[in-house]
Amino acid sequence: MKIALYLVLLFSFLLSSCTNEQSLQKYFVENAENKNFLTMDVSPSLIDIDKAKLTIEQKTALESFDKMNILAFKLDKNNKAQYDIESQKVTQILKNEKYQELMKVGSGKDAASVSFAGDENHIDEFILFAKRKESGFAVVRILGNDMNPNNILNMISVIKNANIDMEQLKPLQGLIK
């Protein structure tokens, strides 16, 4: 009888620890093959720069960056309803307490937000969510190790001076108009 009770408790614990809570990672995987979406993984090799010319802060920022995952929904005349549904799904995911919003800009037709997961000094991922009513939306996950807001600012300064391999980004050209 005690064994049955322990088994029931164990089974209950296992069921309660399973969650149907949506995450960005799950959302990316679920939509990777969806014809309305474009997915890309961008590696640090995209940024071609002479590391000898970088400041210590810029080197640290570059070393903290692992990769970017991009998921973009290309809006057309046939998928407007789906755009609204998918955009709302991403908005709901980003409301999860796992993600902390740093800033939000725009409203109406164009909007963007920057959020992060982790704690302020050891960020696991930055999330950029941008949408345009006439072209679609994109979610960019910037993954790394012990990133912080200063790393992102330093990465921006590195990117400004880098030779970017535009071939890797070619699939996104239709989304940016």
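This passage describes the fold, the aromatic pairs, the nonpolar cores and one pocket of a predicted model.

The chain has 6 helices and 8 strands. Read from the N terminus, these elements follow the order α-α-β-β-α-β-α-β-β-β-β-α-β-α. Of its 177 residues, 35% count as buried. Long-range contacts are well represented: among contacts between residues at least 6 apart in sequence, 62% join residues at least 24 apart.

A good place to start inside the fold is with the aromatic rings, of which 8 pairs are present. In one of them, the ring centres of phenylalanine 37 and phenylalanine 137 are 6.1 Å apart and the planes meet at 75°, so this pair is edge-to-face. Because phenylalanine 37 belongs to strand S1 (residues 37–42) and phenylalanine 137 to strand S7 (residues 136–147), the pair ties together parts that are 100 residues apart in sequence. Both of these phenylalanines are buried. A further pair is made by phenylalanine 116 and phenylalanine 126, with ring centres 6.5 Å apart and planes at 55°; the pair is therefore tilted. Here the parts tied together are 10 residues apart in sequence, since phenylalanine 116 lies in strand S5 (residues 110–119) and phenylalanine 126 in strand S6 (residues 122–132). With a relative accessible area of 3%, under the 20% limit, phenylalanine 116 is buried. Phenylalanine 126 also counts as buried, at 3% relative accessibility.

Phe37 and Phe137 appear again in an aromatic cluster, which they form together with Tyr27, Phe73, Tyr83 and Phe129. Glutamate 86, placed in helix H4, meets several members of that group: leaving out residues up to four places away in sequence, glutamate 86 touches Tyr27, Asn31, Phe37, Phe73 and Phe137. This acidic residue counts as buried, at 2% relative accessibility. Elsewhere, a charge is found over a ring: the charged end of arginine 141 sits over phenylalanine 28, 5.7 Å from the ring centre.

The nonpolar interior comes next. The largest nonpolar core has 20 residues, and those with the most contacts inside it are Val42, Ile47, Phe65, Met68, Phe126, Ile142 and Met155. At least two residues of this core come from each of S1, helix H3 (56–64), strand S3 (65–74), S5, S6, S7 and helix H5 (149–160). Phenylalanine 126, already met in the tilted pair with phenylalanine 116, has a long list of neighbours. Not counting residues up to four places away in sequence, phenylalanine 126 touches Leu102, Val114, Ser115, Phe116, Val140, Arg141, Ile142, Met147, Asn148, Pro149 and Ile152. There is also a second, separate core of 17 residues, with Leu75, Leu94, Ala117 and Val139 among them.

Two residues show how distant parts of the sequence come together in space. Valine 140, in strand S7, is buried, with a relative accessible area of 15%. Its C-alpha is 6.5 Å from that of leucine 71, although the two residues are 69 apart in sequence. Beyond its neighbours within four places in sequence, valine 140 is in contact with Met68, Asn69, Ile70, Phe126, Ile127 and Leu128. Leucine 54 offers an example from a loop, the one between strand S2 (47–48) and H3. At 11% relative accessibility, leucine 54 counts as buried. From leucine 54 to asparagine 154 the C-alpha to C-alpha distance is 10.0 Å, with their positions 100 residues apart in sequence. Neighbours within four places aside, leucine 54 is in contact with Ile49, Lys59, Leu62 and Val158.

Finally, attention turns to empty space. The second largest pocket has a volume of about 380 Å³. Its lining comprises 22 residues, and Thr91, Lys104, Ser113, Phe129 and Lys131 lie nearest its centre. Helix H4 (80–94), strand S4 (99–107), S5 and S6 are the elements that give two or more residues to this lining. The most is given by H4, with 6 residues. H4 is also the helix that holds glutamate 86, and Phe129, one of the residues nearest the pocket centre, is a member of the aromatic cluster described above.

Conventions
Residues are numbered from 1 along each chain as its sequence is written. This is a predicted model: local features need pLDDT of at least 70, side-chain atom pairs count only at pLDDT 80 or more; totals for chains, interfaces and linings use all residues. Side-chain values use heavy atoms; hydrogens and water are left out. Rings of Phe, Tyr and Trp (its six-membered ring) pair if their centres lie within 6.5 Å; planes under 30 degrees apart count as stacked, over 60 as edge-to-face and the rest as tilted. Helices (H or I, at least four residues) and strands (E, at least two) are DSSP runs, numbered from the N terminus. Buried means under 20% relative accessible area, exposed over 50%, partly exposed in between (1.4 Å probe, protein chains only). A charge sits over a ring if NZ of Lys or CZ of Arg is within 6 Å of the ring centre and within 35 degrees of the ring normal. A nonpolar core is a set of buried Ala, Val, Leu, Ile, Met, Phe, Trp, Tyr and Cys residues joined through side-chain atoms within 4.5 Å. Contact means heavy atoms within 4.5 Å. On a 1 Å grid over the protein atoms alone, a cavity is a set of points where a 1.4 Å probe fits but cannot get out, and a pocket is an open set with protein on both sides within 12 Å along at least five of seven lines; lining residues have an atom within 4 Å of a point. Grid points are joined across faces, edges and corners, and a volume is the space filled by probe spheres set on the points.
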